[in-house]
Structure formats: C-alpha cells, structure tokens
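Student: I have a protein model open and would like to practise reasoning from definitions. Could we go through some of the labels together?
Tutor: Gladly! Let's take a look.

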Amino acid sequence: MSDSPTPQNDEHKHKAPGAAANYLMLSAGSIFTSMLVAGFLVGYFLDSLFDTRPILMLACGLLGFIGGIQKVIRITQRLDHYDPKSGKDV
C-alpha cells in the first residue's frame, strides 16, 4: 500500500474542523488564560504572606505559563484524532 495522498484524503486535510473542534480550541484558550492568571494570583498571595515581592509572583506566573502550555498541547493533540465527518474522535 502506498501512502500517497488521494484526492479524498487531500480534501479531508483542508476541510475546516467541526463545531466540537472549535469548542475544544476555545477551551484551550480559556484554560491557558486561567492557569496563567491563577499562577500570578497565587504568587501575589505568597509574596504578601512572606514579603518577598515580586519573586514568588513571577515564579508562580512562570509555572502557570508552563502548565498552561502543557495543557494546550494536550488538548490540541486531540485534534489529530478528530474525524470531522463523524464528529467523533477516531
């Protein structure tokens, strides 16, 4: 069997994702933003508690950023297994 792209496969690649994929991407943006903001808020609280302003706020913000990127990567990997014709994961 050859792996050469057929016209149907090529058309399938360029077809827009369905509504479920759009909701998935919307949730990815929301999760990233919430993790970043939560990191800064936790860092701000810890800074005010230990009087180390702004070290812990920046450190927790960085951890929130890294965690947000990891979550977005995991969510977008689900799109690789998404079949727009059936609307389900394959």
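Student: What makes the link between the side chain of Asp47 and the backbone nitrogen of Leu56 a polar contact?
Tutor: This is a predicted model, and in it a polar atom of the Asp47 side chain lies 3.1 Å from the backbone nitrogen of Leu56. A polar contact needs N or O atoms within 3.5 Å, one able to donate a hydrogen and the other to accept it, so this pair qualifies.

Student: Where is Asp47, and which residues does Asp47 touch beyond its neighbours within four places in sequence?
Tutor: Asp47 belongs to helix α2, which covers residues 19–50. Beyond those neighbours, Asp47 is in contact with Thr52, Arg53, Pro54, Ile55, Leu56 and Met57.

Student: Why is Asp47 said to have no salt bridge?
Tutor: The nearest side chain of opposite charge is that of Arg53, 5.5 Å away. A salt bridge has to be within 4 Å, so Arg53 does not form one with Asp47. Asp47 is nevertheless buried.

Student: What is special about the peptide bond from Arg53 to Pro54?
Tutor: That bond is cis, with omega near 0 degrees. Most peptide bonds are trans. Pro54 itself sits in the loop between α2 and α3.

Student: And what about the phi of Asp51?
Tutor: Asp51 is not a glycine, yet its phi is positive, at about 55 degrees. Most residues other than glycine have a negative phi. You will find Asp51 in the loop between α2 and α3.

Student: Why is Asp51 called exposed?
Tutor: Its relative accessibility is 69%, and exposed means over 50%, so Asp51 earns the label.

Student: How do you know that Gly29 is partly exposed?
Tutor: Gly29, in helix α2, has a relative accessibility of 35%. Buried is under 20% and exposed is over 50%, so 35% falls in between.

Student: Which label fits Gln70, and why?
Tutor: Gln70 is part of helix α3. Its relative accessible area is 47%, between the two cut-offs of 20% and 50%, so Gln70 is partly exposed.

Student: How far apart are Gln70 and Phe32?
Tutor: In sequence they are 38 residues apart, while their C-alpha atoms are 8.9 Å apart in space. For Gly29 and Ile69, the values are 40 residues and 9.9 Å, again from C-alpha to C-alpha.

Student: What makes Leu62, Leu63, Phe65, Ile66, Ile69 and Ile73 a nonpolar patch?
Tutor: Leu, Phe and Ile are counted as nonpolar, and a patch takes residues with over 30% relative accessible area whose nonpolar side chains are joined within 5 Å, so these six form one. Together they have about 550 Å² of accessible area. Leu62 is in helix α3, residues 55–77.

Student: What does the whole protein look like in terms of helices and strands?
Tutor: There are three helices and two strands, in the order α-α-α-β-β from the N terminus on. Of its 90 residues, 17% count as buried. The accessible surface is about 7,000 Å², and 65% of that belongs to carbon and sulfur atoms.

Conventions
Residues are numbered from 1 along each chain as its sequence is written. This is a predicted model: local features need pLDDT of at least 70, side-chain atom pairs count only at pLDDT 80 or more; totals for chains, interfaces and linings use all residues. Side-chain values use heavy atoms; hydrogens and water are left out. Buried means under 20% relative accessible area, exposed over 50%, partly exposed in between (1.4 Å probe, protein chains only). Lys and Arg count as positive and Asp and Glu as negative; His and the chain ends are not counted. Contact means heavy atoms within 4.5 Å. Patches are made of residues with over 30% relative accessible area and no salt bridge: like charges are joined within 9 Å, nonpolar side chains (Val, Leu, Ile, Met, Phe, Trp, Tyr) within 5 Å. Accessible areas come from the Shrake-Rupley method with a 1.4 Å probe; for residues, only the protein chains shown count as cover.
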